[in-house]
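This report considers one helix, one charged side chain and one pocket. The sequence and structure are shown below.

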Amino acid sequence: LLANAGYAQTYEIQKLKETIASQPDDSLKVNNLILLSNKYLGEDPKEAVHYGIEAQQLAKKLHYKGEAYAYKAVGTGYFYLSDNRNAALQFQNSLRLFDSRGIKSGVANILSSLGSTYYNAGEGTKAIDFFLRSLTLAEELNDSLRIGTALNGIGTVYSNKNETLDKA
């Protein structure tokens, strides 16, 4: 079963690469590059970053709103590589774009991603700030997935110190 799952993932990646190679430079290609980046996360995060950057460049050239998602894809790749500095930089760029376009669900998601990044970097105070900002926005949007993610992040940060265990 595991061999079949691995084969299926490899097959999906190959088919997606073939599709991208034959596509014109348009928004659909940007979306497929982001999808390909996401497929590489668990397998090869460096490739995830590579395809995310391709998506960024094309989205920027097209002035396409998918640019915010491309920055998120690159940031997630760096996150998987434990490159917190570059992950935070990419997430900040994504946050700026989501915010400027008024995409609140994207803002809430990226705030949570920044919280996780700063948590992994050992910066609990910054992590809590981002998770709380994400929680506030997620509650405003009534987005139960983001609420849960933010609360989980807050609990994780608080559980790391004896003096904040009660908050966890």
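What covers the buried residues of H4? The cover includes helices H2 (27-40), H3 (45-62) and H5 (84-100). The model is predicted, so local features need pLDDT of at least 70 and side-chain atom pairs count only at pLDDT 80 or more, while totals for chains, interfaces and linings use all residues. Residues are numbered from 1 along each chain as its sequence is written, and side-chain values use heavy atoms, with hydrogens and water left out.

Ten of the 14 residues of H4 are buried (under 20% relative accessible area, 1.4 Å probe, protein chains only), so H4 is largely enclosed by the rest of the structure. Among them are Glu67, Tyr71 and Tyr78. After H4 comes Ser82, with a positive phi near 60°.

The table lists the helices that each supply at least two residues to the lining of the largest pocket.

| Helix | Residues |
|---|---|
| H4 | 67-80 |
| H6 | 104-120 |
| H8 | 144-158 |

That pocket has a volume of about 260 Å³. Of its 15 lining residues (an atom within 4 Å of a grid point), the closest to the centre are Phe79, Ser112, Ser113, Ser116 and Thr149.

Arg146 belongs to H8. Arg146 is buried yet has no salt bridge (a side-chain nitrogen of Lys or Arg within 4 Å of a carboxyl oxygen of Asp or Glu); the nearest side chain of opposite charge, Asp143, is 4.1 Å away. Beyond neighbours within four places in sequence, Arg146 is in contact (heavy atoms within 4.5 Å) with Ser105, Ala108, Asn109 and Ala138.

Methods
Helix = DSSP H or I, 4+ residues; strand = E, 2+ residues; numbered from the N terminus. Expected span 1.5 Å × (residues − 1). Buried < 20%, exposed > 50% of the residue type's maximum accessible area, 1.4 Å probe, protein only. Lys, Arg positive; Asp, Glu negative; His and termini not counted. 1 Å grid on protein atoms, 1.4 Å probe; cavity = no way out; pocket = protein on both sides within 12 Å on 5 of 7 lines; lining within 4 Å. Points joined across faces, edges and corners; volume = space filled by probe spheres on them.
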